[in-house]
Every structure is written in C-alpha cells, then in structure tokens.
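Grab a pencil and work through a few short exercises on the structure shown below. Each one comes with a solution that goes step by step.

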Amino acid sequence: MATTEEIRAQLAELVNEVAGVPVEDVQLDKSFVDDLDVDSLAMVEILVGCEEKFGVTIPDEESKNLKTVGDAVAYVEAHS
Amino acid sequence: MTLKASTGSPFARILSVGSAVPSRVIDNDYLCQFIDSSDEWITQRTGIKERRWVGEGENIETLSITAATSAIERSGIAPEDIDAVIVSTISHYEQTPALAPKLAHLLGLGDAAAYDISAACAGFSYGVAQAEALVRSGQARYVLLIAGETISDITNMTDRGTAFLFGDGAGAVVIGPSEVNGIGPVVWGSDGGQFDAIRMSHDIAGGVKAGEFPTITMDGQAVFKWATSHIAQATRRCLDEAGITPDELDVFIPHQANNRITDTLLRYLKLPEKVVVARTIQHLGNNSAATIPMAMDALLTSGEAKSGQTALIIGFGAGLVYSGQVITLP
C-alpha cells in the first residue's frame, strides 16, 4: 500500500505532465482549478490518468467532489 | 449444385487521395460575434484558429466531386474500372436516396455499386475497412471512397461549446488490389451507451414540430474523457494488429477533434520524434469523416509526408464509434 506522500508525488508527476504545473506546487491543500490553474479538460485528463496509474475508477458524479490535490489523494487511498 | 464464390486480390492498398477545401474562411473573431468567447479561449482549448465553410455555389456535392475527381486522376485508374462507390457522410440531409449513386453518376462511373455509410468522425476509417474487404473478397476491384461533410449546416452558431469546432470539406481515395499489403487490420467498435454524448438537438420530426433545423450538440467533457482513455488504447491496438512498433511508424493522422486530444494520444503512444503528426485542425477545424483524407492530402502535398510511408489513422466520434488502421500512404 502506497503512502499518502507516495500517491501525492505520483499525482504531482501526472499534473506536471498534463498541465505543466511544477511538481513542488502540487501539495495536498492546493485546489486544482483555483491554485494550480488546471482547466476543465486538463482535469478530465488528470482523472483519467489517475484511473490508469492507481487502478481506481472515478465515476463522473464523484469527480466533481475532487477539488483539491488532497481530495484526489484521499480518494485513491480509499479505493485502491 | 455448387455456387461460385467471388475471389479477390490477396492484398489491397490506397492508390491515391484527393481533397477539397471550401473557399470561405471563418476565423474565431467572426464566431465570437455570436457566442460569449474569445479567439484566445478557443485556441487554447482546441487549437483551432480558423475553419472553412461552404460559400457561394459550394455544397457537399461540389466538394465531393472535386475531391473524387482529383483522387481518380491521381490513381491512374480509368473511371469505368471503379465498380463501387462508398460515401461516408453525416451531412447529406436527405433520408433517401443516398448521395453515392448521384456522385457516381456525376463522376461518369457507369453502373458502379453505390451507397452511403454513417459513422460520423470515424466514417473514413470505416469506409477504408469496407473497401479493403470488398477488394480482397473480389466483390469489387476498385473502390472509390468519398468522405464529404458540410457540418456548418447543422452548427448552432450560438452554442459556445460547439459553434467553433467544425469545418466543411471533402476527401476521397481510390482503393484497389495490390501485390503487397497496404492496409492493416481495422480496429473498430462502438459504445452506444454514450449515444447522447454527441447528438442532434432534434430528430427530423421533432425539428419540423419545433420549427428549427436540427443542430449538433455535444457533451465535450464526456467525449474528451472517452477519447483520452478508450481511444488512446485503441490507437495502440492498431499498431499491434498491424504488427509494427511505434519506431516503424512515419506519420500519425488522428481525427482532428481537438489538439488537446492529439497531445494526449501522443503522450500515451510515446511515438518517436521523427513521426509527422497531422495538425490540420488549426486552419480547417474538425471536418468529421472528411478530416483524415483531407489531412492526408495536405501532408502529402506539402511534402511533410511521402508516398510509401507508413501511417496510422484513427477516427472517433458520434455514436460513439471509433475506427483505425495502419496504412501505406499513396
């Protein structure tokens, strides 16, 4: 089982690859949209990337609740 | 009694390609008169700077005839030797007859078999699969495949999600027998569970009742999600089915739905730097079924791609449907 920090680090790489956000900026308290300037299409791509990387399924209704990096990390921890 | 079976060529290939680009240039600023958007937003989200729409005297027939005439001339095949015509379109607004017989007649192709197929943005690749099967089974020797679209007719100019996406145009190829294989196995499928991700605002009866011509509507995020997950995997399968590695690919012609989808496919496929990637979306927008042959012709005409090179084509769109294969460029 990966630790919270390991999941955050892997997610940070993904966010960097998709949206060009520096990995060190991708911290648990950061909002994807408001702090990291991730737009809606990039957000979809990050969630698809999470599904592949962590082997989880993120239903559409659930994805709307994943507003911060911490939300996404917690979701992966709870479902992987 | 034994029924005789048809026998065809062991292999098929694309002999030639032609295309037609309409005259009217529509830039983002023009469309922003009708929607609350900006050139910057549209460019950033889609990669589209301008698209071409039909102008005076241009329509799906004129575009298709221009593209097909060019493809036939370049093929070196006598028109009378073409014995089947497939037209892929979702913008021929007559329930019946199909567009193909009329185009076959206008092109002077005699009594060639002629029919339309409807597979939206995957329509060209669906048609290539059918043409290849006809040639290899001996049901036809030379097939003319035309993909023609005038999506501007069904574009809702006030929908800020789709008004800027589509352009008009046509592309055509002649497919015939070959001593070496020029068309790899098709990788295709559908997901009718998402029939409403890209659909018409009304069916014909509903449009009559509402007093407005049906227009195209789209759930952009649902399509984007499907394209960046399912289609990325299908694209990889096209290479596997053809038995080639990414290193052996020269040209990648994905359907031009959105530059961001193309970027994602590239990240997933990890294609080598040398692979030429079609980006016609910048000036032509999304031409539905016509996109891939138009891009193919543009790349060959500019010299960015060359005859004999190995190309991967993949289309995906309303249905939802998708289809792709590896081909040898004409």
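## Exercise 1: a backbone oddity in chain B

B:Ala120 has 24 other C-beta atoms within 10 Å, so it is buried (buried means 20 or more other C-beta atoms within 10 Å of the residue's own, exposed 12 or fewer, partly exposed in between, with C-beta atoms placed from the backbone). Before going on, note that this is a predicted model, where local features need pLDDT of at least 70 and side-chain atom pairs count only at pLDDT 80 or more, while totals for chains, interfaces and linings use all residues. Residues are numbered from 1 along each chain as its sequence is written, with chains lettered from A and ligands numbered from 1 in the order in which they are written.

Task: Find where B:Ala120 sits, and compare its surroundings with those of B:Lys270.

Solution:
- Step 1. Look in the loop between strand S5 (113-117) and H5 of chain B; that's where B:Ala120 is. Helices (H or I, at least four residues) and strands (E, at least two) are DSSP runs, numbered from the N terminus.
- Step 2. Check the backbone: B:Ala120 isn't a glycine, yet its phi is positive, about 45°.
- Step 3. Now B:Lys270, in the loop between H8 and strand S12 (276-277) of chain B. Its phi is positive too, near 50°, and it is a residue other than glycine.
- Step 4. Count neighbours: B:Lys270 has 8 C-beta neighbours inside 10 Å, so it counts as exposed, whereas B:Ala120 is buried.

## Exercise 2: cis peptide bonds

Task: Which kind of peptide bond runs from B:Thr96 to B:Pro97, and which kind from B:Gly319 to B:Leu320?

Solution:
- Step 1. From B:Thr96 to B:Pro97, omega is near 0°, and the bond is cis. B:Pro97 belongs to the loop between strand S4 (82-88) and helix H4 (99-106) of chain B.
- Step 2. From B:Gly319 to B:Leu320, omega is near -10°, and this bond is cis as well. Find B:Leu320 in the loop between strand S13 (310-317) and strand S14 (321-328) of chain B.

## Exercise 3: two helices meet

Task: Describe how helix H2 (residues 40-54) of chain A and helix H7 (residues 220-242) of chain B cross.

Solution:
- Step 1. Two packed helices are described by the angle between their axes and the distance between the axes.
- Step 2. Here the axes come within 10 Å and cross at roughly 40°. Axes are lines fitted to C-alpha atoms, for helices over the stretch in contact, and angles run from 0 to 180 degrees between N-to-C directions.
- Step 3. H2(A) and H7(B) are therefore oblique to each other (under 35 degrees is roughly parallel, over 145 roughly antiparallel, 65 to 115 roughly perpendicular, the rest oblique).
- Step 4. Pick out the touching residues: H2(A) brings A:Ser40, A:Leu41, A:Val44, A:Glu45 and A:Val48, and H7(B) brings B:Gln221, B:Phe224, B:Lys225, B:Thr228 and B:Ser229. Being in contact means C-beta atoms, placed from the backbone, within 7 Å.

## Exercise 4: between the chains

Task: How many residues of each chain are in contact?

Solution:
- Step 1. Nine residues of chain B are in contact with six residues of chain A.
- Step 2. On the chain B side, H7(B) gives the largest share, five residues.

How values were computed. Two residues are in contact if their C-beta atoms, placed from the backbone, lie within 7 Å.
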